[in-house]
Amino acid sequence: MTNHLFSLVRRTLPADPASRVFIETPEGRRYSYADLLERSAAYAAALKALGVRTGDRVAAQVDKSAEVIFLYLGAVRAGAVFLPLNTAYTGPEIAYFLSDAEAAVFVCDPVRAAALKPVAETAGVRALLTLDASGRGTMADAADRAPPGFADVARGPDDLAAILYTSGTTGRSKGAMLSHDNLASNALTLVDYWRFTADDVLIHALPVFHTHGLFVATNIVLATGGTMLFLPKLDAKLILSLMPRATAMMGVPTFYTRLLKEPGLTREATAHMRLFVSGSAPLLAETHREWSARTGHAILERYGMTETNMNTSNPYEGERIAGTVGFPLPDVALRVVDPETGAVLGADEVGMIEVKGPNVFKGYWRMPEKTAAEFKADGFFVTGDLGKVDARGYVHIVGRGKDLIISGGFNVYPKEIETEIDALPGVVESAVIGLPHADFGEGVTAVVVAGKDAPDEAAILGRLEGRLARYKLPKRILFADDLPRNAMGKVQKNVLRERFAHLYDA
Ligand code: AMP
């Protein structure tokens with residue numbers, strides 16, 4: 001048996017791995033595929049020397065660098081389970097993840113090592129090492145010292161490769177267990193669907209602690225032997241300057257709105273690019289249209305989640321429709337069901353999205369009841385996203401199930417109202433939420449980010465009347481300078497619900 005996920009890399013290795021660039025940084029540092037092989041083997045050997053056994057969890061809370069990717073691949077080659085953690089997590093949050101996952105090794109930023117040492121010790125972590133943004137630290141030193149000639153630990157398709165904790169906006173984060181084949185199969189499907197080859201040069205400015213940056217973007221490049229231009233973070237000017245050398249970019253919607261603010265974003269500036277992908281949060285139809293007008297490129301929007309990798313995508317060839325997430329991927333079964341009865345719904349009927357396929361995770365780490373609750377008897381996973389499939393087969397997401405508003409007994413889907421408000425001149429964007437209301441249960445409420453010459457509350461309400469059924473009309477329109485977002489650009493409606501919880505009190 002081979003190492004299933006790492007065989008993805010071996011499959012497409014060039015005859016001379018030193019001749020092809022895998023990662024290039026803005027400072028001009030280049031790492032070839034030979035470096036990838038050597039460094040990931042060194043990390044694997046170092047982890048083994050630290051006592052990491054097959055199936056042990058290797059946790060890392062570190063800044064983005066090429067070395068993190070080699071550590072991830074080293075953990076995979078050593079037969080361990082990689083556990084990346086958001087760099088924003090605080091000490092108490094890290095304490096939860098390390099003890100819940102029973103991590104054997106924890107790699108963190110040298111600056112935080114002293115503060116996190118007791119946290120790691122209490123959690124039973126056997127070794128604490130460091131790695132900084134330039135890729136140096138005690139973990140890198142251990143890899144430098146590791147003996148050569150590491151042999152990959154054999155791992156099959158169903159063995160675990162990673163645990164990714166969900167962002168957990170309600171309750172404690174859950175660890176999604178991802179197998180070698182969950183990751184490998186999805187990467188291969190996307191390579192095909194999005195036509196990636198060894199000639200692609202991907203602009204990578206996403207964080208590498210999340211499924212989007214670590215798995216979707218990186219695994220696709222690994223599976224094709226392509227090149228990544230590796231940016232520490234979103235920097236619109238830098239991205240723009242790299243486009244003449246690049247072919248593809250993957251981003252969250254914020255990437256596109258920021259780039260649209262750059263006067264240099266033109267048809268000429270993007271002429272060398274063949275593909276712009278967006279996901280992790282809904283892309284405004286407006287952004288899609290503006291991008292097309294400015295660059296001539298239709299952004300390809302796709303839909304996925306930590307637990308499932310990617311589920312749907314707009315087509316490579318064929319119409320990429322703004323406001324939709326396209327078709328289920330070839331090996332993914334997707335259905336929309338009535339959340340109450342479980343009955344499968346027809347075209348254009350809104351319900352709960354469920355998916356099944358080789359991309360879907362193995363369950364939540366040490367939470368068998370939660371796992372059981374989110375899988376149907378026939379193996380479909382309940383995503384928690386509400387949506388519909390239209391007559392042409394395009395999937396539309398209308399929001400998270402927990403963001404559904406029930407006002408006066410009627411279901412109100414925020415996206416429908418947000419779309420109407422966003423279309424008004426002068427409105428930048430909006431978020432529609434339900435707030436406790438004595439009369440209606442929940443009062444429909446819109447939080448609007450207004451630009452120049454935006455209409456006021458009365459004017460917005462006036463414009464919506466007659467366009468939306470009465471029960472959907474917001475009771476109040478509130479204004480904010482911006483909407484709270486997490487690291488992946490997702491609007492945090494829970495934060496807004498807390499902030500305005502008492503709006504309708506007495
Ligand atoms: P995460 O697990 O952090 O990747 O978040 C997954 C969630 O992000 C999904 O369940 C959706 O609610 C949302 N999401 C991802 N991609 C899209 C998209 N293209 N449009 C709308 N929502 C999306």
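A residue counts as buried here if its relative accessible area is under 20%, as exposed if that area is over 50%, and as partly exposed in between, with a 1.4 Å probe and protein chains only as cover. By that rule Phe-22 is buried, with a relative accessible area of 0%. Before you select anything else, note that this is a predicted model, in which local features need pLDDT of at least 70 and side-chain atom pairs count only at pLDDT 80 or more, while totals for chains, interfaces and linings use all residues. Residues are numbered from 1 along each chain as its sequence is written, and side-chain values use heavy atoms, with hydrogens and water left out.

**Phe-22 and its ring partners**

Keep Phe-22 selected and add Tyr-33, which also counts as buried, at 1% relative accessibility. Rings of Phe, Tyr and Trp (its six-membered ring) form a pair if their centres lie within 6.5 Å, and the pair is called stacked when the planes are under 30 degrees apart, edge-to-face when they are over 60, and tilted for the rest. The structure holds 18 aromatic pairs. Phe-22 and Tyr-33 make a tilted one, with 5.2 Å from centre to centre and 55 degrees between the planes. This pair links distant parts of the chain, since Phe-22 belongs to strand E1 (residues 21-24) and Tyr-33 to helix H2, 11 residues apart. Adding Tyr-31 and Phe-70 to the selection shows a cluster that ring pairs link together with Phe-22 and Tyr-33.

**Along helix H2**

Helices (H or I, at least four residues) and strands (E, at least two) are DSSP runs numbered from the N terminus. Now select residues 33-49, helix H2, whose 17 residues reach 24 Å from the first C-alpha to the last, close to the 24 Å expected at 1.5 Å a residue, where the expected span is 1.5 Å times one less than the number of residues. How many of the residues of H2 are buried? The helix is mostly covered, with 12 of its 17 residues buried, among them Leu-36, Leu-37, Arg-39 and Tyr-43. At the start of H2, look for a side-chain oxygen of Ser-32, which reaches to within 3.2 Å of the backbone nitrogen of Ala-34. Past the other end, H2 is followed by Gly-51, whose phi is positive, near 95 degrees.

**Around the ligand**

Next, select the ligand and the residues near it, meaning those with a heavy atom within 4 Å of it. This shell holds 16 residues, and the closest are Glu-301, Arg-302, Thr-306, Asp-385 and Lys-490. Strand E13 (residues 300-305) gives the most to the shell, with 5 residues. Two side chains are worth displaying as sticks: a polar atom of the His-210 side chain lies 3.0 Å from an oxygen atom of the ligand, and a polar atom of the Arg-400 side chain lies 2.9 Å from an oxygen atom of the ligand. From the backbone, an N or O atom of Ser-280 lies 3.2 Å from a nitrogen atom of the ligand. Taken alone the ligand exposes 490 Å², and the protein buries 91% of that.

**A last stop**

Finally, select Val-201, which is found in strand E9 (residues 201-204) and is buried, with a relative accessible area of 15%. Add Phe-255, 54 residues away along the chain, and the C-alpha atoms of the two residues turn out to be separated by 18 Å.

Terms used
A polar contact is a pair of N or O atoms within 3.5 Å; within protein, one must be able to donate a hydrogen and the other to accept it, and residues adjacent in sequence count only if both atoms are side-chain atoms. Accessible areas come from the Shrake-Rupley method with a 1.4 Å probe; for residues, only the protein chains shown count as cover.
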